[in-house]
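Q: I should like to learn how strand order and helix packing are read from a model. Could we work through an example together?

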Amino acid sequence: MKGILFTSIISLFLIACSDDQSGLQFKDQGRDVPEFNSRNAFSFIEDQLAFGPRVPGSDAHREAVNYFRDHFSETAGQRSVFVQQFEQEIYNETLPFYNVLVSFGGEHTDRIVLAAHWDSRPRGERDPDNPELPIPGADDGASGVSVLMELATIFKENPPPIGVDIILFDGEDYGEEGDLANYFIGSRYWGQNPPVPGYNPRFGILLDMVGGEGAVFPKEVHSVNFAPQLVDEVWSIAAEKGHGELFLNERGGRVADDHVIVEQYTGIPMINIIHHRLNESGQIEFPPYWHSQKDDIDIIDRNVLQAVGDVLLELIYNRIPVD
Ligand SMILES: [Zn+2]
């Protein structure tokens, strides 16, 4: 049974464009664009928080995987969902990890990929009162996933003009501060053990902390290096839609995240939309609730989710030239 599932998902992740930059050209296609519902996205965050912190090895972690599997089976179809499961020893503990892979429009060879990490941090060392306690991860984890879940709902009703894959990476936020080798566990495993060898979508977009109050998204530096045309297009769409205060037209920091791992292992040009800013001495700062107990539902701003959803829908449905 496992074998059958695996084969059917392989046939859905097909090989797309070659290495040239033609996959990063954009133009208004005059197509209709469906509406993003941030009310739904907000409720998907609430659902995830209701499990408790989704820390690898916990009950909440396992329950959340089933929740994602259900949602994506309903939207993409059961045969288009594949959970890549593995175990890894970290800090002297063997833990289970699950990357959730979903494929929409399996008939298209021409594809893009959207990603977010779904795990929540096992400790909130930025919290002066409870540095050892797992964090709720409303923005750091759940927000990106919630936007992808709402997009999936939309893809079901309105098949996009290009194939779209969604990946929820596990274990992004497991490492202790400064120990980058124990971050990005899911994306690294996926990069080293590709479920579909030769998988080559045009580009990828990673969402990380895309629902918090006071959010700003300057142009993250790795993203600009990997796919400058895509960064330009996304930030231009945002400006056109009046979200220039959110998607800042300025250079941000060099943020280590799953997109760097994906680019390293697969060459897929992936950008990161992530809430951060540079302080006066040019250092990266994350929001005040970051890696603390305050990263809970109260700091979620539906308008931020809405803006991110609107920009992505415009890009996916109306800016990508397809044959
Ligand atoms: Zn984090």
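Q: In what order do the six strands of the open sheet lie, and what is the pairing?
A: One follows the sheet from strand to neighbouring strand. In this predicted model, the order is S1-S2-S4-S3-S5-S6, and the pairing is mixed.

Q: Which are the edge strands?
A: An edge strand pairs on one side only; here these are S1 (81–90) and S6 (270–274). Ignoring direction, neighbouring strands of the sheet are turned against each other by 20° on average.

Q: In what sense do S3 and S5 pair?
A: S3 (residues 111–117) and S5 (residues 204–208) are joined over four bridges in the parallel sense. Opposite Leu-207 in S5 stands Ala-116.

Q: Which strands does helix H4 touch where it packs on the sheet?
A: H4 (residues 138–157) touches S2 (93–104), S3, S4 (163–169) and S5. The direction of H4 makes about 145° with that of S3.

Q: How is the crossing of helices H7 and H9 described?
A: One considers the approach of the axes and the angle between them. For H7 (residues 228–240) and H9 (residues 302–318), the axes come within 9 Å and cross at roughly 120°. H7 is therefore oblique to H9. The crossing is right-handed.

Q: Which residues make the contact between H7 and H9, and how many are nonpolar, polar or charged?
A: H7 contributes Glu-233, Val-234, Ile-237 and Ala-238, while H9 contributes Val-311, Glu-314 and Leu-315. By class, five residues of this contact are nonpolar and two are charged, with no polar ones.

Notes:
Residues numbered from 1 in each chain as written. Predicted model: local features only at pLDDT ≥ 70, side-chain atom pairs only at ≥ 80, totals over all residues. Axes fitted to C-alpha atoms, helices over the stretch in contact; angles between N-to-C directions. Helix = DSSP H or I, 4+ residues; strand = E, 2+ residues; numbered from the N terminus. Parallel < 35°, antiparallel > 145°, perpendicular 65-115°, else oblique. Left-handed = near helix turned anticlockwise from the far one by under 90°. Contact = placed C-beta atoms within 7 Å. Nonpolar A, V, L, I, M, F, W, Y, C, P; charged D, E, K, R; others polar. Pairing = 2+ DSSP bridges.
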